[in-house]
Amino acid sequence: MDQRLKGRRIAALAADGFEKVELVVPMKALRAAGAKVDVISLRHGNIRGVNLHEPASRVHVDKTISEAEPDEYDGLLLPGGFINPDLLRQSAEARAFVRAFDEAGKPIASLCHGPWVLASAGLLQGRTLTSWPGVRDDLVNAGATWLDQQFVRDGNLATSRGPQDLIPFVQGCLDLFAEDAPIAGRGQQPVSRSAPQANEPPALVVGAMKWLPKPSLRTALGLGAIAAIIMATRPPRGLRRSRTRGNGSGTNEMRRVETRHGTSATAASRHHGMAGDAPVHQ
């Protein structure tokens, strides 16, 4: 078994909304190669992954960013997803955490929307990389040269476009994280111009959104499940009827008693009334 990363510690920086396969698959590969991988996030507990736009399973957080020290780690993994990097790039702690790895020349691997965080950390001026095509303009505007390739290596930085490139990305990560810091600026041939903008969004994403269930359907299914639980906990129908009959008989009996008492009380009242009207003899 390949144990080239034995003794290495890798920080996987992620928040809620990370693309599940972009964190779980590389993390398993790194651990299989002997590395210790810690999930670092904005909060404690478990963070929620996504499969494209749909909620997926959660991953346990080992440390928050404020608890983690970049000096304790040999490399940084930045998965993508639509929500995850958007949350991280707004965190001053997250930006400083990422910046510390680059300043030390430590390996950084990212894919999909993950490079958004690198842009917000101010690390892309003069760098060459790739990403999800939809964030190409953001990275170019941050000073980077963007390539439409499966895997791009520029010194200590390795990037891929998304889940479709996981195989070359994982292979590249294993090579990258096996190197000792500081890593010199090499690995990618100089490119003067970025690849052109996309003409249309990926058909896979457009098609997937077309077939996703409506929120109303999910709500209906949830309400249906709640109703099923309530029905399952109710007593059998025959038992409810017998209880109703018993309660009804008791009520009727009480009414008959009250009626009799009411009649007696009325008669007594009339008797006392008549006695009160009789003349008093001296």
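In this predicted model, the search for enclosed empty space turns up 1 cavity of 30 Å³ or more. Rolling a probe the size of a water molecule over the atoms is what shows where empty space is left. The largest cavity has a volume of about 40 Å³. Around it sit Asp102, Ile108, Leu118, Leu123, Leu124, Arg127, Asn156 and Leu157. Sort that lining by class and you get 5 nonpolar, 1 polar and 2 charged residues.

There's also open space to look at. The largest pocket holds about 220 Å³. Its lining is made up of Glu19, Glu22, Leu52, Phe82, Cys112, Trp132, Pro163, Gln164, Pro202, Leu204 and Val205. By class, that lining splits into 8 nonpolar, 1 polar and 2 charged residues.

**The chain as a whole**

Let's zoom out for a moment. The protein chain has 9 helices and 12 strands. Of its 282 residues, 38% are buried. Now take the contacts in the chain with a separation of 6 or more: 70% of them are between residues 24 or more positions apart. For one example of sequence and space telling separate stories, try lysine 28 and valine 170, which are 142 residues apart in sequence but 9.9 Å apart in space, C-alpha to C-alpha. Lysine 28 belongs to helix H1 (residues 20–32), and with 58% relative accessibility it counts as exposed.

**Two helices**

Valine 170, for its part, is one of the buried residues of H6. Helix H6 covers residues 166–177, and its 12 residues reach 16 Å from first C-alpha to last, close to the 16 Å expected at 1.5 Å a residue. The full set of buried residues in H6 is Leu166, Phe169, Val170, Gly172, Cys173, Leu174, Leu176 and Phe177. They pack against S1, H1, S7, S8, S11 and S12.

Helix H3 (residues 92–103) has 12 residues and should span 16 Å at 1.5 Å a residue, which agrees with the 16 Å between its end C-alpha atoms. Which residues of H3 are buried? They are Ala94, Phe97, Val98 and Phe101. These cover an arc of only 90° around the axis, so they sit on the same side of H3. The spacing makes sense once you know the geometry: an α-helix has 3.6 residues a turn, so residues three or four places apart point the same way. The partners that the buried residues of H3 pack against are strand S1 (9–13), strand S7 (75–78), helix H2 (84–89), strand S8 (108–111) and helix H4 (115–120). Just after H3 comes glycine 105, with a positive phi of about 70°.

**Residues with busy surroundings**

Back to the cavity lining, where asparagine 156 is one of the residues named. This asparagine lies in the loop between strand S11 (151–154) and strand S12 (157–160). Is asparagine 156 buried or exposed? Its relative accessible area is 5%, under the 20% cut-off, so asparagine 156 counts as buried. Leaving aside neighbours within four places in sequence, asparagine 156 is in contact with Phe101, Asp102, Gly105, Lys106, Pro107, Ile108, Arg127, Leu176, Ile183 and Ala184. Phe101 in that list is a buried residue of H3, while Leu176 is a buried residue of H6.

Threonine 145, in strand S10 (residues 145–146), is buried too, with a relative accessible area of 14%. Not counting residues up to four places away in sequence, threonine 145 touches Arg127, Thr128, Leu129, Val191, Arg193 and Ser194.

**Unusual backbone spots**

Most residues other than glycine have a negative phi, and most peptide bonds are trans. Here are some places in this model to compare with that:

| Residue | Backbone feature | Place |
|---|---|---|
| Leucine 52 | positive phi of about 65° | loop between strand S4 (46–51) and strand S5 (54–60) |
| Cysteine 112 | positive phi near 60° | loop between S8 and H4 |
| Proline 182 | cis peptide bond from alanine 181, omega near 0° | loop between H6 and helix H7 (203–211) |

Leucine 52 and cysteine 112 both appear in the lining of the largest pocket. As for how much of each is covered, leucine 52 is partly exposed at 23% relative accessibility, whereas cysteine 112 is buried with a relative accessible area of 5%.

Methods. Residues are numbered from 1 along each chain as its sequence is written. This is a predicted model: local features need pLDDT of at least 70, side-chain atom pairs count only at pLDDT 80 or more; totals for chains, interfaces and linings use all residues. Side-chain values use heavy atoms; hydrogens and water are left out. On a 1 Å grid over the protein atoms alone, a cavity is a set of points where a 1.4 Å probe fits but cannot get out, and a pocket is an open set with protein on both sides within 12 Å along at least five of seven lines; lining residues have an atom within 4 Å of a point. Grid points are joined across faces, edges and corners, and a volume is the space filled by probe spheres set on the points. Ala, Val, Leu, Ile, Met, Phe, Trp, Tyr, Cys and Pro count as nonpolar, Asp, Glu, Lys and Arg as charged, and the others, Gly among them, as polar. Helices (H or I, at least four residues) and strands (E, at least two) are DSSP runs, numbered from the N terminus. The expected span of a helix is 1.5 Å times one less than its number of residues. Buried means under 20% relative accessible area, exposed over 50%, partly exposed in between (1.4 Å probe, protein chains only). The arc is that of the directions from the helix axis to the C-beta atoms. Contact means heavy atoms within 4.5 Å.
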